[in-house]
Amino acid sequence: MLGSDPMISSAETTEIAAALARLPQFAGRTLDDAQIAPLASLTNRNYKVSIGGEAYVLRIAGEGTERYIDRAAEARNAQLAASIGIAPELLYLDPPSGLMLTRFIDGGLSLQAADMRRPELLRSAVGLLKRLHDSGLAFAGRMDLFPKLDEYMALAAQRGWPGGLDLTPIRRRAEPARAALEGAAAPLVPSHIDPVPQNFVRGPAPAPALQPTLHLLDWEYAAMAEPMWDLAAVSIEAELDAAQERLLLDTYFGGAAARQAGRFALYKASLNLLAAAWAVVQLVDGNPSADFAAFARQRLAWHAAITESAAYRAYVAP
């Protein structure tokens, strides 16, 4: 019988045991000594699985995620990211079900927003993203911001907009932003798309004189995209202030950073609108893991504030 955390119900334990039995890594093995502990997640269910002196992460895909996540692309992109040492080893991923197994990073600690605001860790995170962007990897799929926004809006509308969260008028007013974004697009590069602080894991230093290693988790949205997507997302999710944003842009672009302010503001505003639409999809799908209505309203407030900024206005309506 699996040993599991008290927070995991008996029905959930049974489901986890059935999922593990499907994996080739555990074929013919007894699971009696396996220990299961829940890990944080918003749309999926993740568990640390310890067995036979090894530790893994089991991912059971969330209900409805197959409507907007390409799991075959996720498998390819996660494998490619692991091949250059910035993601944990992918051991199994079944695209139809989304069932996934990866190595657990022993001694790893997920960053929090406050960690990302520390200059040395912000530089390290930006450096990791630049390494990914400059890697030349050919990720499956591409992420175009406004087509993805319209996809989420269509998914939400299928089930009826929740009260007070019909995004149609806001999307209509964002049309100049779409035109500005698509009119001066940068070349697409392999991108993470969801670089929230918790997806950066700080592993133990390989030797006393070396810096701890950063890894990136959760490649389910990864695709070819404009580099500014990841940079703007880091700023949003870590809630960087103006000085921290300057450090982010200086670290990534060097002497060309000042010329990026307008497009950076455009991406921040548009990604907040995209996040609000994603949250509404979670809401209409019945995802119980967070208050997605409050999340959507917060992102809409951030979107509105950025659209009033001088950098945004100068770029979108010069």
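Which element gives the most to the lining of the second largest pocket? Let's start there, keeping in mind that this is a predicted model.

## The second largest pocket

Strand S3 is the answer, with three residues in the lining. Strand S3 (45-51) is joined by strand S2 (35-39) as an element that gives two or more residues to this lining. The pocket has a volume of about 330 Å³, and 21 residues line it. If you would like to find its centre in the viewer, look for Leu42, Thr43, Asn44, Arg45 and Asn287, the lining residues that lie nearest to it.

As for the character of the lining, 10 of its residues are polar, seven are nonpolar and four are charged.

## A hairpin of S5 and S6

Strand S5 (residues 90-94) and strand S6 (residues 99-103) run antiparallel and are joined by four bridges. Across this pairing, Tyr92 stands opposite Leu101 in S6. The two strands form a hairpin with four residues between them. Gly98 sits in the turn and has a positive phi of about 80°, so do have a look at that residue's backbone.

S5 is mostly covered, as four of its five residues are buried.

## Aromatic pairs

The model holds six aromatic pairs. One of them joins Tyr68 and Tyr152 edge-to-face, at 5.9 Å centre to centre and with 90° between the planes. Tyr68 is in the loop between strand S4 (54-60) and helix H2 (71-83), while Tyr152 belongs to helix H5 (residues 145-158), so this pair ties together parts that are 84 residues apart in sequence. Both Tyr68 and Tyr152 are buried.

Another edge-to-face pair is formed by Trp278 and Phe292, with 5.6 Å centre to centre and 80° between the planes. Here the parts tied together are 14 residues apart in sequence, because Trp278 lies in helix H10 (residues 261-284) and Phe292 in helix H11 (residues 292-307). Trp278 has a relative accessible area of 12% and is buried; Phe292 also counts as buried, at 2% relative accessibility. Ring pairs bring in Phe295 too, linking Trp278, Phe292 and Phe295 into a cluster.

## A charge over a ring

One further contact with an aromatic ring is worth a visit. Lys130 lies over the face of Tyr252, at 4.5 Å from the ring centre.

Technical notes: Residues numbered from 1 in each chain as written. Predicted model: local features only at pLDDT ≥ 70, side-chain atom pairs only at ≥ 80, totals over all residues. Heavy atoms only, no water. 1 Å grid on protein atoms, 1.4 Å probe; cavity = no way out; pocket = protein on both sides within 12 Å on 5 of 7 lines; lining within 4 Å. Points joined across faces, edges and corners; volume = space filled by probe spheres on them. Nonpolar A, V, L, I, M, F, W, Y, C, P; charged D, E, K, R; others polar. Phe/Tyr/Trp six-rings, centres within 6.5 Å; stacked < 30°, edge-to-face > 60°. Buried < 20%, exposed > 50% of the residue type's maximum accessible area, 1.4 Å probe, protein only. Lys NZ or Arg CZ within 6 Å of the ring centre and 35° of its normal. Pairing = 2+ DSSP bridges.
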